[in-house]
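Student: I am new to this structure. Please take me closely through its sheet, and then show me what lies around that part.

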Amino acid sequence: MSKRKKNQASRGTYKKIFDFFNAPVMQVDCGAKCAPLNGGEPVCCSAENAIPVVQMSEWKLLRSRTDMWTSFVANDAASRKIVEELDTTCKAIECNGARNCERDNRSLACRTFPFFPYINKDGDIIGLSYYWDFEDRCWVISNMALVEQDFIDEFIRSYEILFENDPGEYEVFCDHSASMRRVFSRWKRPFAVIGRDGEFYKVLPKGAGMKKIKEKDLPKFEPFNSDKAFAKAVREANEAMED
Ligand code: SF4
Ligand code: SF4
């Protein structure tokens with residue numbers, strides 16, 4: 001996720017958020033669900049899949065609390081490009097890996113993944129939608145019915161505090177929400193949103209509005225849409241590792 005900023009939230013703002021935002025996304029250990037497809041590592045905990053990007057103030061706070069984070073060192077053209085395109089107020093970082101994860105010292109991106117605050121055309125924070133690039137790798141995206149209300153409440157409160165203190169971050173997520181509407185309109189597909197109230201909605205393509213949906217109508221993506229597809233994907237991942 002690229003970022004462009006003017007006024008940053010302070011280190012104190014991040015501390016305030018970290019002090020209460022600890023709810024797990026769900027009661028299931030979702031890392032155990034996606035890791036078999038990713039060489040045994042949870043997908044969002046490997047920098048090859050998702051390079052954590054933080055603001056400098058968040059970085060300073062993390063460094064004052066732990067040594068589990070270090071600067072990310074790009075080792076291929078794609079990651080070099082991501083790092084080069086970052087605003088100077090942001091930093092790409094890397095942690096010690098899932099086995100050494102200190103829960104209290106996760107970044108905001110770790111605490112929220114795979115979700116971002118979905119903001120509609122009128123500028124209202126409607127709820128949570130997801131980073132769509134991960135539909136095929138993140139088990140949570142295919143199991144949104146299991147997301148806990150405590151997580152939703154803490155997520156929304158965190159972003160309200162962040163946006164109050166950092167209008168640039170609000171703009172970043174307005175832009176990201178607009179991108180999601182454009183991408184899914186092009187694909188002629190609706191996308192799902194978890195409302196602040198825990199209800200489920202779908203945003204229709206081509207600006208046709210938002211509708212409430214039932215739990216059973218939430219999307220499931222391959223290979224998480226059937227046991228058979230999942231077993232096949234695990235088999236293929238194991239074979240690829242042996243090659
Ligand atoms: S949030 Fe998604 S990618 Fe991260 S560990 Fe859970 S299932 Fe895997
Ligand atoms: S800090 Fe923890 S949650 Fe965040 S990427 Fe590292 S292992 Fe994953």
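Tutor: What follows is a walk along the sheet, strand by strand, and then a look at its surroundings. Keep in mind that this is a predicted model.

Start with the overall layout. The sheet is open and has five strands. Their order is 4-5-6-7-8, and the pairing is antiparallel. In general, strands of a sheet pair through backbone hydrogen bonds. Two strands sit at the edges: strand 4, residues 115–119, and strand 8, residues 210–213. Each of these pairs on one side only. From one strand to the next, the twist averages 40°.

Begin at the strand 4 edge. Strand 4 and strand 5 are antiparallel and share five bridges. To find the register, look for isoleucine 119, which stands opposite isoleucine 125 in strand 5. The two strands form a hairpin with five residues between them. Glycine 123 of this hairpin has a positive phi near 90°.

Now stay on strand 5, residues 125–130. Is it buried or exposed? Six of its six residues are buried, so strand 5 is largely enclosed by the rest of the structure. On the way to strand 6, two bridges make the antiparallel link. Here glycine 127 stands opposite glycine 195 in strand 6.

Next comes the pair of strand 6, residues 191–195, and strand 7, residues 200–203. They run antiparallel, over four bridges. Alanine 192 faces lysine 202 of strand 7 across this pair. Another hairpin connects the two strands, with four residues between them. In its turn, glycine 198 has a positive phi of about 85°.

The last step leads to the other edge. Strand 7 and strand 8 run antiparallel and are joined by four bridges. Valine 203 stands opposite methionine 210 in strand 8. This pair is also a hairpin, with six residues between the strands. Which residue has the positive phi in this hairpin? Lysine 206, with a value near 60°. That is a positive phi in a residue other than glycine. Lysine 206 lies in the loop between strand 7 and strand 8. Its relative accessibility is 63%, so lysine 206 counts as exposed.

A second lysine deserves a look. Lysine 188 has phi near 55°, again a positive value in a residue other than glycine. It is placed in the loop between helix 7 and strand 6. At 65% relative accessibility, lysine 188 counts as exposed, because that value is over the 50% cut-off.

Now see what packs on the sheet. Helix 6, residues 149–165, lies across strand 4, strand 5 and strand 6. It runs at about 115° to strand 5. Helix 7, residues 167–186, packs on the sheet as well. Helix 7 touches strand 4, strand 5, strand 6 and strand 7. Its direction makes about 85° with that of strand 4.

Look also at the loops that flank the edge strands. Between helix 5, residues 108–112, and strand 4 there is a loop that holds proline 114. The peptide bond from phenylalanine 113 to proline 114 is cis, with omega near 10°. Past the other edge, proline 223 is in the loop between strand 8 and helix 8, residues 227–242. A cis peptide bond joins glutamate 222 to proline 223, with omega about 5°.

Phenylalanine 113 leads on to a ligand. Phe113 is one of the residues around ligand 1. Four cysteines also belong to that shell: Cys30, Cys34, Cys44 and Cys138. Gly31, Pro42, Val43, Trp139 and Val140 complete it. By class, the shell has nine nonpolar residues, one polar and no charged ones.

Cys44 appears again around ligand 2. The shell of ligand 2 also includes Cys45, Cys95, Cys101 and Cys110, along with Met68, Trp69 and Arg106. By class, eight of its residues are nonpolar, one is polar and one is charged.

Finish with a helix pair. Helix 1, residues 11–20, packs with helix 3, residues 56–65, at about 65°. Their axes are 8 Å apart, and the crossing is right-handed. From helix 1, Arg11, Tyr14, Lys15 and Phe18 make the contact. Their partners in helix 3 include Glu58, Leu61 and Arg65. Counted by class, this contact has four nonpolar, two polar and five charged residues.

Note on methods
Residues are numbered from 1 along each chain as its sequence is written. Chains are lettered from A and ligands numbered from 1 in the order in which they are written. This is a predicted model: local features need pLDDT of at least 70, side-chain atom pairs count only at pLDDT 80 or more; totals for chains, interfaces and linings use all residues. Side-chain values use heavy atoms; hydrogens and water are left out. A residue is near a molecule or strand if one of its heavy atoms lies within 4 Å of it. Ala, Val, Leu, Ile, Met, Phe, Trp, Tyr, Cys and Pro count as nonpolar, Asp, Glu, Lys and Arg as charged, and the others, Gly among them, as polar. Two strands pair if DSSP finds at least two bridges between them. Axes are lines fitted to C-alpha atoms, for helices over the stretch in contact, and angles run from 0 to 180 degrees between N-to-C directions. Contact means heavy atoms within 4.5 Å. A crossing is left-handed if the near helix is turned anticlockwise from the far one by less than a right angle, and right-handed if clockwise. Buried means under 20% relative accessible area, exposed over 50%, partly exposed in between (1.4 Å probe, protein chains only).
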